[in-house]
Structure formats: C-alpha cells, structure tokens
Amino acid sequence: MRTHAKHLSLSIVAGALGILSALPAHASSHREAPNIARMPTVDSTDFYAFNSYEAQRGGYVTVIANYIPLQDPYGGPNYFAMHPDAKYAIHIDNDGDAIEDLTYVFDFSSALAGGDGIALNVGPEGNTKSIAVPLKNVGPISASDQNAANFSESYTLSVVQGPMASGTGTPVTNPMTSTENFAKPLDYIGNKTFTSPAAYQQYSDQFVYEVDLPNCGSPAKVFVGQRKDPFVVNLGKTFDLVNYVPVEGDSAPGANDGEGFPGGITQDTANDDLVTKNVTALALELPKECVIGEGNGTIGTWTTAWMPQARILNPRANFAKPAINGGALVQVSRLGNPLVNELVIGLKDKDTFSSAHPKDDGQFADYVTHPSLPELLNILFKDAVNQTLGTNIETLAPTNFPRIDLVTAFLTGFEGVNQLATVTPSEMLRLNTAITATPQEQQSTFGVVGDDLAGFPNGRRPGDDVVDIALRVVMGRLCYPIPVAGNDTDLGLCSSDDASVGNVPFTDGAPISAQDTNAKFPYLATPLPGSQ
C-alpha cells in the first residue's frame, strides 16, 4: 500500500469497465432478495474472511458463512435446523479469474433419537401406550451428558478442487469417529436445558473438529453451530427510507456531547435491531499454504447455497420424507461483500444476482458505475442538509462517473493490498493472506480507512463496521486522502471536488467492536439463550 497507493493501475480498471459486477457492502444480507426470503434455511446472512488473529494461529485464514437470518432465540419447538436437501458452499479463487479453485461443501442430515424419537409410556397399567414426545429434548443437556436430546444434525464436508460443477470432490474424515460425519450442536434452547452461557459454550466447544484436508500438509479446523449474530445494523429504520439522520451527532463516536452534526444519530446499542438475534455459522480455519495456490497470496472468497431443481411435496409428509427433491443443483443464495443485493442491485435483478457466478457479473455493470444509493440519499437529505447548515450544496451524491473508486474498492481490489494476480472485476470478498493479522484489542472498526490494513475491505472481520465504512465509501470517502501507516494518502481515484460530503462521518448509529466477539476460533460469540 505504501508504494502503490498513489499509482493504482487505472488503465486496468478502466479497461474492465465493460465487465463490471455489483457494488459494495453496507451491511448484512438478511432476506435480501424476493426468492431467498421464502427460503430462510438457505439464506446467507454474512460472510467473513480474515487472517486468523488467535494467538499462535498466524499461518491460518478463517472463513465464516452465516445462514438462517433473524433467529429469535426462543424460536421453539423446532428452532433452526439446516436444510437437509441443500448444499452449502464456501468458494476460494486464488488466481483472479473469478472462478473457484477450491470449494468446501457442507451437506446436512437430521435424525431422531433411536430412529423414531424418544417416547414416553403414557397411561395406567393395562392401558399404557408409547407416545412420541413433541420436543427436541426431554431433559437437561451438557458437555458430558447428551442422552436427553431427541433430535440431532450431522453433516459431511468435502473439498472440490477446480470449478464446483466439474471439479473433483474429496470427502473429509472426522478423526474422532473415522467416518465422514460431523455433528452439529443443538441450538441454545435455554438455561433450563443448558444451565448457563458458559455451560452451553463448553457443550458446543466439543463440536470444533481438527481435520486433515486433501493435498494439505497442515490440519484445519471446522465448526458448524448456532452463534450470536455478530452483525449490527439499524435495520428497521434504514429500510424505512433511512428514518434517521445518518451522520454522527457527537464530536466523536460515543463522546455523548452532541457536538457533531445537528440532529445526527449517536452511537447506541438500542440502534442495533439484531442485538437479540442468533445465526447459524459454518466456520473453517484453513492453512494459508493450502488456499493460495500459485497466485500472489491474495484470495477471492464467497459463499453459496444450492437446492435441487425440482421439489414435489409429499401429501403424506413425515419426518423422513416431507418432500421428494431431484434434478440438477441450482444456486439460490450468494454472498461475498455484505449487503450488495439489499442496497445495490435493483429489485428486478436481485434473484438473478443470487443465482449468478462471479465470472458473469458483467450483467450488473450499471449498478456499480452509476449506483442509485447515493442518489437516493441525495433526494432524501439534500434539502434538509442545506436548510440545517445554511448551505447551497448542489448534490450530496458523488459526481465522478464511472465510479472508479467503487470499482477499485469492491470489484478489483487495491494494487499492492488485496488485488489478485489476475484482475477480473467481480463481486468477491478479497483477502491478502500476507498482511499480518491485527490483534483483537488493536483492531480498528473502520478497517483500511481506519489505518488498519488487516480489516475491511481487505477481507472482513466480525468487528469491522461495514455499515459505516461502506456508507462513507459510497458517498465518496476515497475521493479524500485516507490514513496509510499514519500518513494521509491520496489514492488518486477521484478528487474532493467529486464528493461534496465525502469526508462526512456517515453512520447508522449501531456501534460494533472486535471485543463483542471471541479471540479464538470460531470467533463468533456464544448464542443467546431461548430463555433465562
């Protein structure tokens, strides 16, 4: 970054404008498209990729794909199982052609205890019947005793080398059972079942597996299970035509002095509509040496979910066969950078984006070169801003077209920071594996624009405030100098004249910190209990 920030290859970027993909992130992908909103079990909510910052794990990359949005912890009696007919995938492109070189595929199944579930003998002697119980457990569950569980989920993990559709898949073996099946913990039903958050965490820790991957000399780790939703966002008000003033109202976040923008929103956990929600995480910790291939050490990553093309409902549905599924697998969900589909892709194209492959992202070119979100914010707030400040700003939206700053930040990466060996404009989360991870306590929630090269958009960590970062970037932050190694640096992508409010501290008022999560794999915090 120090040597290349001022000399980004604009010729490469400009030459690629004809095959651009979607625009950047602003938040999390919860119910982001009409079709996927009908299928929450295969709806990806957030995707993370970062250099592991757990002590002594500097040689690893962590990728986390969260699914099943907006989980209320009390959502019994069935809670939030994964879809048994779906396949969930995490893809890695390590050469920059926007085609996956490695894919990690999760395939889930579920079972009842003993085959038919736990039954109780009901009725007096001489008129006793064995009756199946309606609940997923019939007593307390702990790390040492899980006999009261009436329901279980397991999964297989396979590694596909080459394109997912045509590559070779190799199953991963569970070293604890010498089988290909891995177990998933029950959701955090509540504290009568699991006693306490600490006891639940002890129970779920047993489902972190160290595994050997094909063609990889170092062991990896895998975990699948319910976690506290790590994302924070002022969700309801944001989608209600941004029903707040999206500029910091204090002199600095958390200052509580009201000396920022008049009437601006201030940081408060009450602004986080996901503070009471859980998600289901698919987490991998992968040796860097096994994912970078022959590229330059930067990888592009994303997650997808797939369903069989045809589904016939069973008119006499039962636990084992509620429906019959068949036909080719169809991609129904996709996520790299967060909130692309919610706030960038037009409503008519959201389902198309969910099913598209990064190599085909040229069809979404106009959404990045001429994004509509800045213009929407201009329509909503320009008159109020001018009236409040006594100014006559012509437009709040950046005026540099095409938006090379956004192309670089989210579609090609920054040369010398997170640009792959081959530059193929495409919507992926790009991570430079050679940049040393920042310890948890030193991380900036603003990532790269907060003088922390190990954060978003160089990958994404759970504590990165992607809402505020991307709001600022989409409104022109990169048209102003950003701190690099403590020095303000002009990236040369656009100028301050192109962005009238590019240096304004836009925010949704929902605070986030790396301290909200854990400092070791799988990093995401213990889920919230269904009852205290």
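Okay, let's start in the middle of a sheet: Arg 227 stands opposite Val 279 in strand β12. Before I go on, this is a predicted model, where local features need pLDDT of at least 70 and side-chain atom pairs count only at pLDDT 80 or more, while totals for chains, interfaces and linings use all residues. Residues are numbered from 1 along each chain as its sequence is written, and side-chain values use heavy atoms, with hydrogens and water left out.

A quick word on names: helices (H or I, at least four residues) and strands (E, at least two) are DSSP runs, numbered from the N terminus. Two strands pair if DSSP finds at least two bridges between them.

So, back to β12, which covers residues 278–287. On one flank, β12 pairs with β11 (residues 220–228) in the antiparallel sense, over eight bridges. β2 is also antiparallel to β12, and nine bridges join those two. If you want one pair to look up on screen, take Tyr 67, whose bridge partner in β12 is Thr 280. As a general reminder, strands of a sheet pair through backbone hydrogen bonds, either parallel or antiparallel.

How many of the residues of β12 are buried? Here buried means under 20% relative accessible area, exposed means over 50%, and partly exposed is in between, with a 1.4 Å probe and protein chains only. The count is 10 of the 10, so β12 is largely enclosed by the rest of the structure. Both faces are covered: one side has Asn 278, Thr 280, Leu 282, Leu 284 and Leu 286, and the other has Val 279, Ala 281, Ala 283, Glu 285 and Pro 287.

Now let's zoom out to the sheet. It is an open sheet of five strands, in the order β1-β2-β12-β11-β10, with antiparallel pairing. At the edges stand β1 (44–51) and β10 (209–211), each with a single partner strand, so one side of each has no neighbour in the sheet. Neighbouring strands are turned by 20° against each other on average, direction ignored; for that angle, axes are lines fitted to C-alpha atoms, for helices over the stretch in contact, and angles run from 0 to 180 degrees between N-to-C directions. The edge strand β1 pairs with β2 in the antiparallel sense over seven bridges, and Asp 46 has Asn 66 in β2 as its bridge partner.

Let's stay in β2 (residues 60–71) for a moment and pick out Thr 62. Thr 62 counts as buried because its relative accessibility is 0%. Its side chain makes a polar contact with the side chain of Ser 52, at 2.8 Å. A polar contact is a pair of N or O atoms within 3.5 Å; within protein, one must be able to donate a hydrogen and the other to accept it, and residues adjacent in sequence count only if both atoms are side-chain atoms. Plain contact means heavy atoms within 4.5 Å. Leaving aside neighbours within four places in sequence, the contacts of Thr 62 include Tyr 48, Leu 284 and Phe 521.

That last name, Phe 521, comes back in my list of oddities. In general, most residues other than glycine have a negative phi, and most peptide bonds are trans. Here, the bond from Phe 521 to Pro 522 is cis, with omega near 5°, and Pro 522 is found in the segment after β17 (487–489). The bond from Gly 76 to Pro 77 is cis too, with omega near 5°; Pro 77 is in the loop between β2 and β3 (87–93).

As for phi, Thr 195 has a positive value of about 80° although it is not a glycine. You'll find Thr 195 in the loop between α2 (191–194) and α3 (197–205). Is Thr 195 buried or exposed? Exposed, with a relative accessible area of 58%. Val 242 also has a positive phi, near 50°, but Val 242 is buried, at 15%.

Last stop, helix α8 (residues 373–389). With 17 residues at 1.5 Å a residue, it should span 24 Å, and its end C-alpha atoms are 23 Å apart, which agrees. The expected span is 1.5 Å times one less than the number of residues. α8 does bend, by about 50° at Phe 381, the bend being the angle between axes fitted to the seven residues ending there and the seven starting there. Phe 381 is also one of the buried residues of α8, and those buried residues pack against α5 (340–343) and α10 (466–474). After the helix comes Gly 390, with a positive phi near 70°.
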